Amino acid sequence: MLLRQDGTALLTELDGQDFDFDDGWRLSGTGTWQLTDRQGGQVVRLALTARTGVERRSPAPAAATASPAPPPAAYAWSLHVGRDRQGGVGLFFFTGDPDAGDAYVLTRAVPGP
């Protein structure tokens, strides 16, 4: 995923959040992002507006049904902003049952030499 300063985004194989994660699809495409403040902290609102690809996670999720819902043409995520113990900033969203608290953590790519 690439978040550009002009508010546009490039998404590559991003899984669904909450219960959509259980369907096992991964979306790629372009969209927009916006940083918002909420009572619980900051959130990046990410919207996929033009889907360019769909992949399936392998192996298939354990909760996948025999006929999962088709992947959406457009999608929106709420990426929570968090800090690690070293003070670095990171983004994450919840997967599966929101009450379980399972998180999908996005990590920054390390630049090559």
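Are Tyr-75 and Trp-77 buried or exposed? Hello everyone, let's start there. Tyr-75 is buried, and Trp-77 is buried too. Please keep in mind throughout that this is a predicted model.

Let me step back to the overall picture. The protein has seven strands and zero helices, so to speak a pattern of β-β-β-β-β-β-β when you read along the sequence. It has 113 residues, and 29% of them count as buried. As for the surface, the protein exposes about 7,400 Å², with carbon and sulfur atoms supplying 52% of that area. Now for contacts: if we take those between residues at least 6 apart in sequence, 52% join residues at least 24 apart.

Next, the aromatic rings. How many aromatic pairs does a search of the whole structure find? The search finds five. One of them brings us back to our opening residues: Tyr-75 and Trp-77 form an edge-to-face pair, at 4.6 Å centre to centre and with 70° between the planes.

Here is another pair to look at. The ring centres of Phe-93 and Tyr-104 are 4.5 Å apart and the planes meet at 15°; planes under 30 degrees apart count as stacked, so this pair is stacked. Where do the two residues lie? Phe-93 is in strand E6, residues 89–94, while Tyr-104 is in strand E7, residues 103–106, so the pair ties together parts that are 11 residues apart in sequence. Both Phe-93 and Tyr-104 are buried.

These two rings have company, because Phe-21, Phe-93 and Tyr-104 form one aromatic cluster. Phe-21 has a charged partner as well: the charged end of Arg-57 sits over the ring of Phe-21, 3.8 Å from the ring centre.

Finally, let's visit the largest nonpolar core, which has 16 residues. Which of them touch the most other members? They are Leu-11, Leu-14, Leu-46, Trp-77, Leu-79, Phe-93 and Leu-106. You will recognise Trp-77 from the edge-to-face pair and Phe-93 from the stacked one. The elements that give two or more residues to this core are strands E2 (8–15), E3 (25–38), E4 (41–56) and E5 (75–83), together with E6 and E7.

To finish, pick out Leu-106 on your screen. Leaving aside residues up to four places away in sequence, Leu-106 touches Met-1, Leu-14, Leu-79, Leu-91, Phe-92 and Phe-93. Thanks for listening!

Terms used:
Residues numbered from 1 in each chain as written. Predicted model: local features only at pLDDT ≥ 70, side-chain atom pairs only at ≥ 80, totals over all residues. Heavy atoms only, no water. Phe/Tyr/Trp six-rings, centres within 6.5 Å; stacked < 30°, edge-to-face > 60°. Buried < 20%, exposed > 50% of the residue type's maximum accessible area, 1.4 Å probe, protein only. Helix = DSSP H or I, 4+ residues; strand = E, 2+ residues; numbered from the N terminus. Lys NZ or Arg CZ within 6 Å of the ring centre and 35° of its normal. Contact = heavy atoms within 4.5 Å. Areas by Shrake-Rupley, 256 points an atom, 1.4 Å probe, with all protein chains shown as cover. Core = buried A, V, L, I, M, F, W, Y, C linked by side-chain atoms within 4.5 Å.
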